[in-house]
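Trainee: I'd like a close look at one part of this model, with the neighbours of that part brought in as we go. Please take me through it contact by contact, at bench-talk level.

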Amino acid sequence: MPPRQTALLTKKRIAGFLFSFFVVLILLVLVLLYSAPFFAVKAGQKWYGSQGAGYQLTVSDWHWVPFRTELELTGVELRHPQTDAPQATTRVERLQLSFDPWALAHQEIYIRDISLDGLRLSAALRNDEALRLLISGLMIPLQADNSAAAETESAAQQSEAVAVESADSQTASVQTEEITQAEESIQKEQPWRVRLGRLTLNDEIIDWQQDALTTQGPASRGQLRIASLQAGPFDSTAADALPLNLTTGTDAV
């Protein structure tokens with residue numbers, strides 16, 4: 001075969017290989033984009049299941065539009081052991097979410113639109129050794145327990161006494177250096193910005209229980225029904241109030 005034809009054949013083979021490579025690469029990216037919610041749900045199920053025996057997260061179906069970053073989940077259920085909550089299942093009929101993933105590169109969480117329909121949730125506020133919120137089988141501490149608070153207060157008093165005794169031995173230059181280091185540390189820590197375009201809630205029922213917050217205060221329980229709620233826009237860096245349109249009903253006991 002003449003050298004010229006050999007060179008042309010080699011170029012065609014290289015072009016064909018490059019074309020096939022880019023086609024496979026594009027298909028792989030598309031598969032990863034469209035299957036992202038599947039892996040996200042699996043990660044959520046693994047995390048929720050790791051909370052203990054009897055914890056289970058299920059999703060009936062999901063719909064994902066990757067190029068518009070819009071996600072819809074239907075039939076979401078969180079099952080957990082019966083603890084202090086009145087019921088052991090949290091249900092969401094439909095969750096719609098639209099967000100901007102590119103905002104994360106600028107330390108910003110931007111949710112364009114979020115809609116929640118048919119939420120059935122039980123929550124309890126307990127005030128025994130510590131003030132804690134129980135929701136969907138998860139315990140969220142709101143205040144340190146009394147013993148830890150007492151130890152912390154005692155340690156703070158001891159530290160204050162030691163600081164007073166050693167105050168005379170500290171020089172002004174050392175104090176100035178510490179203040180400068182603290183200011184530099186604060187400047188390096190830039191807070192994340194959170195933005196919300198619109199929040200919509202429809203047909204939500206929340207069962208609520210609350211212990212007495214003081215020795216003479218009453219305990220309470222009831223049910224909050226949210227017929228509809230619309231809120232937004234919201235910006236964590238702005239001082240403007242959050243616009244809110246709410247229709248509710250309550251049954252207290």
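**Strand β4 and its neighbours**

Mentor: Let's start with a pair of arginines: Arg91 stands opposite Arg120 in β4. Before going on, keep in mind that this is a predicted model, so to speak of a local feature we need pLDDT of at least 70, side-chain atom pairs count only at pLDDT 80 or more, and totals for chains, interfaces and linings use all residues. Residues are numbered from 1 along each chain as its sequence is written, and side-chain values use heavy atoms, with hydrogens and water left out.

A word on vocabulary, too. Strands here are DSSP runs of E with at least two residues, numbered from the N terminus, and two strands pair if DSSP finds at least two bridges between them.

Now the strand on one flank. β4 spans residues 108–127 and runs antiparallel to β3, joined to it by nine bridges. Besides the two arginines, you can pick out Leu97, whose bridge partner in β4 is Ile114. Step outward from β3 (residues 89–100) and you reach β2 (residues 70–79): these two also pair in the antiparallel sense, again over nine bridges. To find your place there, look for Thr74, which has Arg94 in β3 as its bridge partner. As a rule of thumb for reading any of this on screen, side chains in a regular strand alternate between the two faces of the sheet.

Just ahead of β2 sits Thr69, in the loop between β1 (56–65) and β2. Thr69 has a relative accessibility of 11%, so it counts as buried (buried means under 20% relative accessible area, exposed means over 50%, and partly exposed is in between, using a 1.4 Å probe and protein chains only). The side chain of Thr69 reaches the backbone oxygen of Phe99 at 2.4 Å. That is a polar contact, meaning a pair of N or O atoms within 3.5 Å; within protein, one must be able to donate a hydrogen and the other to accept it, and residues adjacent in sequence count only if both atoms are side-chain atoms.

Back to β4, and to the loop that leads into it from β3. Gln107 lies in that loop, and its phi is near 55°, a positive value in a residue other than glycine. Gln107 counts as partly exposed, with 31% relative accessibility.

What strand does β4 run parallel to over four bridges? That would be β7 (residues 193–196). Put your cursor on Tyr110: its bridge partner in β7 is Arg195. There is a side-chain story here as well, with the charged end of Arg195 sitting over the ring of Tyr110, 4.0 Å from the ring centre. For a charge to sit over a ring, NZ of Lys or CZ of Arg has to be within 6 Å of the ring centre and within 35 degrees of the ring normal.

β4 has another parallel partner in β8 (residues 199–210), this time over ten bridges. Asp117 makes a handy landmark, with Asn202 as its bridge partner in β8.

Then the chain doubles back. β4 and β5 form a hairpin with three residues between them, and they pair in the antiparallel sense over five bridges. Ala123 is bridged to Ile135 in β5.

Follow the chain past β5 (131–135) and you come to Ser136, in the loop that goes on to β6 (138–141). Phi of Ser136 is near 55°, a positive value for a residue that isn't glycine. Is Ser136 buried or exposed? It is buried, with a relative accessible area of 11%. Its side chain makes a polar contact with the side chain of Thr90, at 3.0 Å.

So to retrace the tour: β4 has β3 and β5 as antiparallel partners, and β7 and β8 as parallel ones. If you want a spot to zoom in on next, try the Arg195 and Tyr110 pair, where a strand bridge goes along with a charge over a ring.
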